[in-house]
Structures are given as structure tokens and as C-alpha cells.
Amino acid sequence: MKNTKLINTIHWTAIIIGTLMVAFVLLFAIGYAIDGSNKAGPGLDNHTIFAFTIWGIGLAGLVLAIWKPGIGGLISFLSFILFNILPAISSNPEARYHPILLIFLLPSILYLLYWWLKKSGIKNS
């Protein structure tokens, strides 16, 4: 009984944190689309476009993980790991690594933990 409560807590924590992160990023994207579309800024290079595509795949993985925690958690985990590696291999001297972005790994890890505990034979009721 205790294990089932722990598994449910892990699952709901992953869902809540992941959903809040996706909503937070979407609010920023909508705000930028509304306010930033009329401002001239630096052009986007291929590396930046690739990085944000990887980040978008990671966010999509968090959404998928609500229904399929194993594959969604794995997609988001690998995408966010790659996204955190990209500044190190960037040719742009202004590309910097920000450790705060590791926070996006938290729901991915929780989804994978939930999936592993559920597959290991403990029934979730």
C-alpha cells in the first residue's frame, strides 16, 4: 500500500511539474510572438534554431509522458540532455551554459522513475 502511494505521488508530481513547465514556456512564446514580432533583433543562426527545435521536442515529450510515461519521459530526458550539451559545442562565442536549465530534467526523471517502478511489478491502484 505504501509503495502504491509513493508511485502515485511520483506520477502526479511529474504531471504537475511538467505541465507547469510547458505552460510557462508557452506563455513566454506567446508573449514573444505578440510583442517581439515587430522588433528587429539579431538573426537566428542554424545552431540556435536547432537548439530550440530540440527544446520543443523535449517539451512535446513532457506532454506525451502524461499518457505514455516511458517513451515521453525518455524523449524529454534525451532532448533536454542534448539541449544542455549544445552550448558546449556551439561555434558562437556568446553561447553560455545555464545550470538552471537542468530543472527541465526533473519531470523527465520522475516520469522515467514512475514508469520503471510500475514496470518492476508493483501494481498501481
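In the predicted model, Ser76 has a relative accessibility of 0% and therefore counts as buried, the cut-off for that class being under 20%. The residue belongs to helix H3. Its side chain takes part in two polar contacts. A polar atom of the Ser76 side chain lies 3.1 Å from the backbone oxygen of Gly73, and the side chain of Ser108 makes a polar contact with that of Ser76 at 2.7 Å. When residues up to four places away in sequence are not counted, Ser76 touches Gly58, Gly61, Leu62 and Ser108.

The partner in the side-chain contact, Ser108, is located in helix H4. With a relative accessible area of 0%, Ser108 is likewise classed as buried, because this value is under 20%. Apart from neighbours within four places in sequence, Ser108 is in contact with Leu62, Gly73, Ser76, Phe77 and Phe80. The C-alpha atoms of Ser108 and Gly58 are 9.0 Å apart in space, although the two residues are separated by 50 residues in sequence.

Helix H3 also contains Ser79. At 9% relative accessibility this residue is under the 20% limit and so counts as buried. A polar atom of the Ser79 side chain lies 2.8 Å from the backbone oxygen of Ile75. Beyond residues up to four places away in sequence, Ser79 touches Ile54, Ile57 and Gly58. Gly58 thus appears among the residues touched by Ser79 and among those touched by Ser76.

Phe83 is a further residue of H3. Its relative accessible area of 11% is under 20%, and Phe83 is therefore buried. Leaving aside neighbours within four places in sequence, Phe83 is in contact with Ala51, Ile54, Trp55 and Leu101. Phe83 and Gly58, 25 residues apart in sequence, have C-alpha atoms 8.8 Å apart. Ile54 is listed among the contacts of Phe83 and also among those of Ser79.

These residues form part of a longer list for H3, in which Pro69, Gly70, Gly72, Gly73, Ser76, Ser79, Phe80, Phe83, Asn84 and Leu86 are buried. The buried residues of H3 pack against helix H2 (46-64) and helix H4 (105-119). An α-helix has 3.6 residues a turn, so residues three or four places apart point the same way. Helix H3 comprises the 21 residues 69-89, for which a rise of 1.5 Å a residue predicts a span of 30 Å; the C-alpha atoms at its ends are 30 Å apart, in agreement with that expectation.

Helix H4 was examined in the same terms. For its 15 residues the expected span is 21 Å at 1.5 Å a residue, and the separation of its end C-alpha atoms, 21 Å, agrees. In H4, the buried residues are Leu105, Pro107, Ser108, Leu110, Tyr111, Tyr114 and Leu117. One of them, Pro107, is separated by 8.6 Å from Ile16, C-alpha to C-alpha, across 91 residues of the chain. Ile16 is situated in helix H1 (residues 2-35). Its relative accessibility of 48% falls between the limits of 20% and 50%, so Ile16 counts as partly exposed.

A nonpolar patch is found on the surface. Ile57, Leu64, Ile71, Leu74, Ile75 and Leu78 make up this patch, which covers about 460 Å². Both H2 and H3 supply at least two of its residues each, and H3 provides the largest share, with 4 residues. Ile75, whose backbone oxygen lies 2.8 Å from a side-chain polar atom of Ser79, is one of the residues of the patch. It is located in H3 and is partly exposed, with a relative accessible area of 30%.

At the level of the whole protein, the secondary structure consists of 4 helices and 0 strands, following the pattern α-α-α-α along the sequence. Of the 125 residues, 30% count as buried. The protein exposes about 8,500 Å², of which carbon and sulfur atoms supply 73%. Among contacts with a sequence separation of 6 or more, 73% are accounted for by residues 24 or more positions apart. The contact between the side chains of Ser76 and Ser108 and the packing of buried H3 residues against H2 and H4 illustrate how these helices meet in the model.

Notes. Residues numbered from 1 in each chain as written. Predicted model: local features only at pLDDT ≥ 70, side-chain atom pairs only at ≥ 80, totals over all residues. Heavy atoms only, no water. Buried < 20%, exposed > 50% of the residue type's maximum accessible area, 1.4 Å probe, protein only. Contact = heavy atoms within 4.5 Å. Areas by Shrake-Rupley, 256 points an atom, 1.4 Å probe, with all protein chains shown as cover. Expected span 1.5 Å × (residues − 1). Polar contact = N/O pair within 3.5 Å; in protein donor to acceptor, adjacent residues only side chain to side chain. Patch = residues over 30% accessible without salt bridge, like charges linked within 9 Å, V, L, I, M, F, W, Y side chains within 5 Å. Salt bridge = Lys/Arg side-chain N within 4 Å of Asp/Glu carboxyl O.
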